[in-house]
Amino acid sequence: MIRTENLSKSYGDVQALADLHLEVTKGTVFGFIGPNGAGKSTTMQILATLLKPSAGSAYVGGCDVVKEAEEVRRIIGYMPDFFGVYDSLTAVEYLEFYAACYGIDRGVRRKIALELLELVNLEDKRGEYVDGLSRGMKQRLGLARSLVHDPALLILDEPASGLDPRARIEFREVLKELRAMGKTIMISSHILPELAGLCDSIGVMEKGRLVANGSVDEITKQAERGRLLEIRMRGRDEEAMAWLEASPLVRRVTRDGPRLVVKVDGDEFVQEELLRKLIDQRFPVYRFNEIAPDIEDVFLQVTGGMNGGEANEPLA
Ligand SMILES: Nc1ncnc2c1ncn2[C@@H]1O[C@H](COP(=O)(O)OP(=O)(O)OP(=O)(O)O)[C@@H](O)[C@H]1O
């Protein structure tokens, strides 16, 4: 559904995108992850035909985004990271207005608007002014707006940013419904866990380049060099943390509530040695086990190598 080849974009001296190769299969949800300024919005705006690439090409549904922009616009629904709403319209009028912009017949505009309001769980807000809606509701209305012409592909630029946890969950539920309807979805975020459960595949951007691309499992595997251990102790945590940080067996230690999360380089022999040394030091260890890296940890590892630091080392 989406294919880019050597896609590049510069703003003056700033290279926002460099040789991007990306493929998103029809009917899948693709999560586009990266910190601020990584180039996600730039990529999405090029795909949405709003920006011209400096070099390379991009295709949506087989159509060239530069040479066949009209066709591409029919295929995509785009939700930018910031969008204005017309405050003096009600929710249903707002969607009818956008349906008119897409040349949809007057006779069916209301029907489409009401169906979309139902889809995004705003049917009871149909007569309310857009101005009075909460941020989460406005985001869902924006999503409905991007759907008025029934596009096959949705491009959503950080749609969940600024939403509280409940509004995020509601938004996510609507996306799951759209996925079940067979839509292809490209969604960006700088928060990886937000997308992990929703996406079939993930691309991680860093400084205009794709540093990892694949299924959530594949990306996790890429970052799975070394092991992650959970250690719990009955006290002396601070002391143990300092001791672990100084140990050559340990790459990194973080505190996560009552537990210490320790990244070690190596296999079970290294784990065994570390446990033995902790006991030798008489640290009151009562739990010591291997855990799966969580998605945030994976993200830091994948992008950590692109920042001039030691490869596989977290940024923070
Ligand atoms: N109109 C512009 N003029 C100059 N530089 C720009 C412009 N738009 C983006 N940039 C620069 O291009 C780079 C990529 O920006 P982009 O907005 O694509 O990143 P992003 O990953 O979407 O980040 P964010 O989550 O902050 O939107 C950044 O260095 C940014 O400062």
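Colleague: Hi! How many helices and strands does the protein have?

Modeller: Hello! This is a predicted model, and its secondary structure comes to 11 helices and 14 strands.

Colleague: Thanks. What share of the residues counts as buried?

Modeller: Of the 316 residues of the protein, 36% are in the buried class. You can also look at who touches whom: taking contacts between residues at least 6 apart in sequence, 66% join residues at least 24 apart.

Colleague: Let's go to the ligand. How many residues surround the ligand, and which are the closest?

Modeller: The ligand has 13 residues around it. Tyr11, Ala16, Asn36, Ser41 and Thr42 are the closest of them.

Colleague: And which element gives the most to that shell?

Modeller: That is α1, with three residues. Both α1 (40-47) and β2 (14-24) supply at least two residues each to the shell around the ligand.

Colleague: How many residues of the shell are nonpolar, polar or charged?

Modeller: Seven are polar, four are nonpolar and two are charged.

Colleague: New topic, sheets! In what order do the strands of the open sheet with β11 come?

Modeller: The order is β12-β13-β11-β14, so to speak from one edge to the other, and β12 (250-256) and β14 (285-291) are those edges. The pairing in this four-strand sheet is antiparallel.

Colleague: Why is one side of β12 and of β14 left without a neighbour in the sheet?

Modeller: Because each of these two strands stands at an edge and has a single partner strand. As for the angle, neighbouring strands of this sheet are turned by 20 degrees against each other on average, direction ignored.

Colleague: How many bridges join β11 to β13?

Modeller: Six bridges link β11 (residues 227-233) with β13 (residues 259-264), and the two run antiparallel. To find a pair on screen, look for Leu229, which stands opposite Val262 in β13.

Colleague: Which helix packs on that sheet?

Modeller: Helix α9 (residues 237-246) does, touching β11, β12 and β13. The direction of α9 makes about 160 degrees with that of β12.

Colleague: Now the start of the chain. Which strand do five bridges join to β1?

Modeller: They join β1 (residues 2-11) to β4 (residues 55-60), and this pair is antiparallel. Glu5 is opposite Ser57 in β4. Two bridges also join β4 to β5 (residues 63-64), again in an antiparallel way, with Tyr59 opposite Asp64 in β5.

Colleague: What sits in the hairpin of β4 and β5?

Modeller: There are two residues between the strands, and in this hairpin Gly61 has a positive phi near 55 degrees.

Colleague: Which residue other than glycine has a positive phi near 45 degrees?

Modeller: Glu158 does. You'll find Glu158 in the loop between β7 (153-156) and α6 (165-180).

Colleague: Is Glu158 buried or exposed, and why?

Modeller: Glu158 counts as buried because it has 21 C-beta neighbours inside 10 Å, and the cut-off for buried is 20 or more.

Colleague: And what about Asn121, where does that residue lie?

Modeller: Asn121 lies in the loop between α4 (106-119) and α5 (135-145), and its phi is positive too, near 55 degrees. With 16 other C-beta atoms within 10 Å, Asn121 is partly exposed.

Colleague: Last one: how many residues does α10 have?

Modeller: Helix α10 (residues 268-280) has 13 residues. From its first C-alpha to its last, α10 reaches 18 Å, close to the 18 Å expected at 1.5 Å a residue. After α10 comes Arg282, with a positive phi near 60 degrees.

Conventions:
Residues numbered from 1 in each chain as written. Predicted model: local features only at pLDDT ≥ 70, side-chain atom pairs only at ≥ 80, totals over all residues. Buried ≥ 20, exposed ≤ 12 C-beta atoms within 10 Å, placed from the backbone. Contact = placed C-beta atoms within 7 Å. Expected span 1.5 Å × (residues − 1). Near = placed C-beta within 6 Å. Nonpolar A, V, L, I, M, F, W, Y, C, P; charged D, E, K, R; others polar. Pairing = 2+ DSSP bridges. Axes fitted to C-alpha atoms, helices over the stretch in contact; angles between N-to-C directions.
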